[in-house]
Structures are given as C-alpha cells and as structure tokens.
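Q: I have a structure open and would like to go through its features one at a time. Could we begin?

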Amino acid sequence: MRLTTCAPSCRTLSPTGRGRSFRSPQHGHVREVDLLIAVPGGLFLIEIKSHPGRATNRGGTWLFRAPDRTHSIDNPLHLTDRKSKELKNRLEWAAGKLRVREPVPFIEPAVFLSAPGLRSELDEQQRTKVYGCNDRATGLPKIWDDLLALPAGRPSGSG
C-alpha cells in the first residue's frame, strides 16, 4: 500500500522498498523505520502494518482475522514510541557532533493500518495513535485528514 493513495496531493509520502534503520546506542538494537515524515503539524515516525481482515484485540494483543488465516501481533505503538525516543536521542547526538544549535523536534509515534479491506474493531485504548486509509471506512481516524494534514500547532484529533 502506497501512502500516496491516502494523500494524493503529496507525492513524497510513498516509502519505497524496505524502511531505513538506525542502531540504538543505549541497547545496540537495530531499529527499522517504516516512515519518518516531517509535515507542518510535526515530525512523525509511522509504523506501517498491512495485515488484512478484521482487527480486534485481547488486551495489548491485536488479532487480524482474514478468511484464510488469523495473525496476531503485540500493539506496535509501544515499540514505535520507543523507536521515536531512541531516534531523537540519536539525532541529538549527531547534532551535537556537528555542532548544530537548533533543537531536535519531538518525534511523534503513530501506527498506520494500510491493508485494503481492513476493518478495525480495536477497543478505544488500543486505537490510540492508530490510523487507517483516507479513501475508505476502516473504523479508525484517517492518516492524512486526522494526522498528517493538520497545521502546525494543532493537536491531532481522535488518534
């Protein structure tokens, strides 16, 4: 799923190939980044999940039920939040090395459920900062309208 489908007026939103990665200096873990995007409303690290079907949850475990299989994952927002903080620390370290005086902005984590035909029935707590496509009803706030297109200084809506 190309994110340009959700934001046709912004051709630069399409991640190509695999995400980029960085090494966490605190733990030495390699962290993959699906999409890091700067828009007037802020800097966002977005984890993209493309599991089809109906999304439900049991506590922090998400279940994607498609006609041919069920797939389960832990809520990806927790790891995405950790990645956001580790990436900010890494960028601050690099800025210090380069003697950049401007502060590194806060990196907001979010999850984008991109599968065609996805229908979310995640409970209110698990839907926090989780977005669906703009061009279809998913049961989630819309990635472009409700997050990425917001002007500077305006908090995101129900996400």
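Q: How many aromatic pairs does the count come to?
A: The count comes to one aromatic pair. Please bear in mind that this is a predicted model.

Q: And which ring does the charged end of arginine 90 sit over?
A: That is the ring of tryptophan 93, with the charged end of arginine 90 lying 4.6 Å from the ring centre.

Q: Turning to the interior, how many residues are in the largest nonpolar core?
A: The largest nonpolar core has 14 residues. Ile37, Phe44, Ile46, Phe112, Ile143, Leu147 and Leu148 are those with the most contacts inside it.

Q: Which elements supply at least two residues of this core?
A: Strand 3 (35-39), strand 4 (42-49), strand 8 (107-113) and helix 2 (144-148) each do so. There is also a second, separate core, which has 12 residues, among them Ala55, Trp62, Ala115 and Val130. In general, nonpolar side chains of soluble globular proteins tend to be buried together.

Q: On to the sheets. In what order do the strands of the open sheet come?
A: The order is 7-6-5-9, so four strands form this open sheet, and their pairing is mixed. At its edges are strand 7 (69-74) and strand 9 (119-120), each of which pairs on one side only.

Q: Do strands 5 and 9 run parallel or antiparallel, and over how many bridges?
A: Strand 5 (residues 54-58) pairs with strand 9 in the parallel sense, over two bridges. Arginine 54 has arginine 119, in strand 9, as its bridge partner.

Q: What about strand 1 and strand 2, parallel or antiparallel?
A: Strand 1 (residues 20-23) and strand 2 run antiparallel and are joined by four bridges. Arginine 20 stands opposite valine 33 of strand 2.

Q: Which residues of strand 2 are on the covered face, and which on the uncovered one?
A: In strand 2 (residues 30-33), Arg31 and Val33 make up the covered face, while Val30 and Glu32 make up the uncovered face.

Q: One last residue: where is threonine 138 found?
A: Threonine 138 is in the loop between strand 10 (130-131) and helix 2.

Q: Is threonine 138 buried or exposed?
A: Threonine 138 counts as buried because its relative accessible area is 2%, and the cut-off for buried is under 20%.

Q: What does the side chain of threonine 138 reach?
A: It reaches the backbone nitrogen of leucine 140, at 3.2 Å. Leaving aside neighbours within four places in sequence, threonine 138 is also in contact with Leu118, Arg119, Ser120, Gly132 and Cys133.

How values were computed:
Residues numbered from 1 in each chain as written. Predicted model: local features only at pLDDT ≥ 70, side-chain atom pairs only at ≥ 80, totals over all residues. Heavy atoms only, no water. Buried < 20%, exposed > 50% of the residue type's maximum accessible area, 1.4 Å probe, protein only. Phe/Tyr/Trp six-rings, centres within 6.5 Å; stacked < 30°, edge-to-face > 60°. Lys NZ or Arg CZ within 6 Å of the ring centre and 35° of its normal. Core = buried A, V, L, I, M, F, W, Y, C linked by side-chain atoms within 4.5 Å. Polar contact = N/O pair within 3.5 Å; in protein donor to acceptor, adjacent residues only side chain to side chain. Contact = heavy atoms within 4.5 Å.
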